[in-house]
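Below are my notes on the model you sent. They take the pockets and the cavity, then a few helices and single residues.

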Amino acid sequence: MEIEAISVIVPAAGRSSRLGEFKPLRCIGAKTMLEHIISLYRSVGVENICVVVGHRADEVASLCNRMDVSVEINPNYANGMFSSIVKGLSGLSSRCSAFFVHPVDMPLVRRQTVLRLVEFFRMNSCAVCYPKFEERRGHPPLVSAHLLPAIKNWKGDDGLRGFFGEVENQSCDVEVVDRFTTEDIDTPQDLERALSSLKSYEIPSESECRAILKRAHVLPQVDRHCDAVARLAGKIAEALQSAGYDVCREAVIAAARLHDLARGKSAHARQGACMLRDMGFSRIADIVEVHMDFEPISGEALVTDAEVVYLADKCIVGDCFVGIERRFDETLRLRGVDPAARQAILQRKSQACRSQRRVEALLGYSLDRLEA
């Protein structure tokens, strides 16, 4: 199934009474909620986007016209969202094989979620594909076009939810790493959360990190190690920030939490980075890729997020802080009989010690103090 056969209905007709602001035109960062959603689907090649308008129809239609998406007017929008969805069905492409129903108050859904749902739908015969995060179904569902006549003729209770209940045995859940599939913007508190989330949008949250590790079937001992490295990396980042250095604590913690994502595989740093890039987390992937053999920078150059994760990892064995000297001395004892292996271990120890000295000089105290 080609991406051109996918369409989108965006119900954007309601009054947004609980929020107190008109959702479609409320900005989240530099874009309105509606613009975020249109840009999301355009970014994956979906062009047939139908926005259903009602309240303040002229204003929303004007934005849609500027972005070259189709508009359907629902004069009966007060009857609820289902009336808008039915109206939107008439705006779908005749080539449509499946369509997303994307509520306008969920503007931060990740690009990879859309791609994953489309790929799953292509490989499986499902009436409805739901994104699922942390055991919760979310939005947007991807709906097979063969349900179009039945949806149009549905007279049962509870609107689209009620109809979906009738086809539950033909529907599928698709695991995604995307907390935004379960977070709508319905209240002022939700809006504040979304505005805050946008600042670190490229960084997986703690819950998303857990979902990534679960999907990768990471062993418990590896999970504990990653958690210990993340705690130390977070302390180092916080200390550097307090000393006036520009590191991102959130990125450092997420990358440390995921640095051994592919542990047990050959070239696990590179494989873990590839997995994260496939999920859309390129910033974190870049850090994970170099956590084994980061080349510390000399002198007064700025410390990077990658160096913080590298250094924290070199201080932890299992889930315990041991410091670089003890870690590498133990490695030499176990693996240093072969001259080539011994030389490689000593080289890596030298790199790690150089990084430690550099960061301790910036902080003005030993890393041991952070674990005291």
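Which helix gives the most to the lining of the second largest pocket? The points below start there, and they concern a predicted model.

1. Second largest pocket. Helix α14 gives the most to this lining, with seven residues. The pocket holds about 740 Å³ of space and has 25 lining residues, with Arg263, Ile316, Arg327, Thr331 and Arg335 nearest its centre. Two or more residues of the lining come from each of α9 (220-242), α13, β11 (316-317), α14 (324-335) and α15 (339-363). Sorted by class, the lining has ten nonpolar, six polar and nine charged residues.

2. Largest pocket. Its volume is about 1100 Å³. The lining consists of 38 residues, and those nearest the centre are Met81, Pro103, Asp105, His139 and Arg161. At least two lining residues are supplied by each of β1 (6-12), α3 (81-89), β8 (136-137) and α6 (159-166). The class count for this lining is 18 nonpolar, ten polar and ten charged.

3. Cavity. Searching the whole structure gives one cavity of 30 Å³ or more. The largest cavity contains about 50 Å³ of space. Around it are Met106, Pro107, Leu108, Val109, Phe180, Glu183, Ile185, Arg193 and Ala194. Seven of the lining residues are nonpolar, none is polar and two are charged.

4. Helix α7. This helix covers residues 188-199, twelve in number, and spans 18 Å between its first and last C-alpha, close to the 16 Å expected at 1.5 Å a residue. Asp190, Leu191, Ala194 and Ser197 are its buried residues. They lie on the same side of α7 because they cover an arc of only 125° around the axis. Gln189, Glu192 and Lys199, on the other side, are exposed. The buried residues pack against β2 (27-28) and α1 (33-43). Ala194 thus appears twice in this note: it is buried in α7, and it is among the residues lining the largest cavity.

5. Spacing along a helix. An α-helix has 3.6 residues a turn, so residues three or four places apart point the same way. The arcs in points 4, 6 and 7 can be read with that in mind.

6. Helix α11. Buried here are His268, Ala269, Gly272, Ala273 and Leu276. An arc of only 135° around the axis takes them in, which puts them on the same side of α11. They pack against α8 (206-215), α10 and α12. After α11 comes Gly280, which has a positive phi, near 95°.

7. Helix α12. In this helix, residues 282-289, the buried positions are Ile284, Ala285, Ile287 and Val288. Viewed down the axis of α12, these buried residues fall within an arc of 160°, so they line one face of the helix. Their packing partners are α10 (249-258), α11 (268-278) and α13.

8. Leu258. This residue belongs to helix α10. Is Leu258 buried or exposed? Its relative accessible area is 0%, so Leu258 is buried. Apart from residues up to four places away in sequence, Leu258 touches Pro204, Cys209, Ile212, Leu213, Leu276, Ile284 and Val288. Leu213 is 45 residues from Leu258 in sequence, and their C-alpha atoms are 7.2 Å apart. Among the other partners, Leu276 is a buried residue of α11, while Ile284 and Val288 are buried residues of α12.

9. Asp305. Which residues does Asp305 contact, leaving aside neighbours within four places in sequence? They are Val247, Cys248, Ala251, Val252, Arg283 and Ile287. Asp305 is placed in helix α13 (residues 305-315). Its relative accessibility is 15%, and since the cut-off for buried is under 20%, Asp305 counts as buried. Its partner Ile287 is one of the buried residues of α12, and those residues pack against α13 among other elements. Helix α13 also takes part in the second largest pocket, giving two or more residues to the lining.

Note on methods:
Residues numbered from 1 in each chain as written. Predicted model: local features only at pLDDT ≥ 70, side-chain atom pairs only at ≥ 80, totals over all residues. Heavy atoms only, no water. Helix = DSSP H or I, 4+ residues; strand = E, 2+ residues; numbered from the N terminus. Expected span 1.5 Å × (residues − 1). Buried < 20%, exposed > 50% of the residue type's maximum accessible area, 1.4 Å probe, protein only. Arc of directions from axis to C-beta. Contact = heavy atoms within 4.5 Å. 1 Å grid on protein atoms, 1.4 Å probe; cavity = no way out; pocket = protein on both sides within 12 Å on 5 of 7 lines; lining within 4 Å. Points joined across faces, edges and corners; volume = space filled by probe spheres on them. Nonpolar A, V, L, I, M, F, W, Y, C, P; charged D, E, K, R; others polar.
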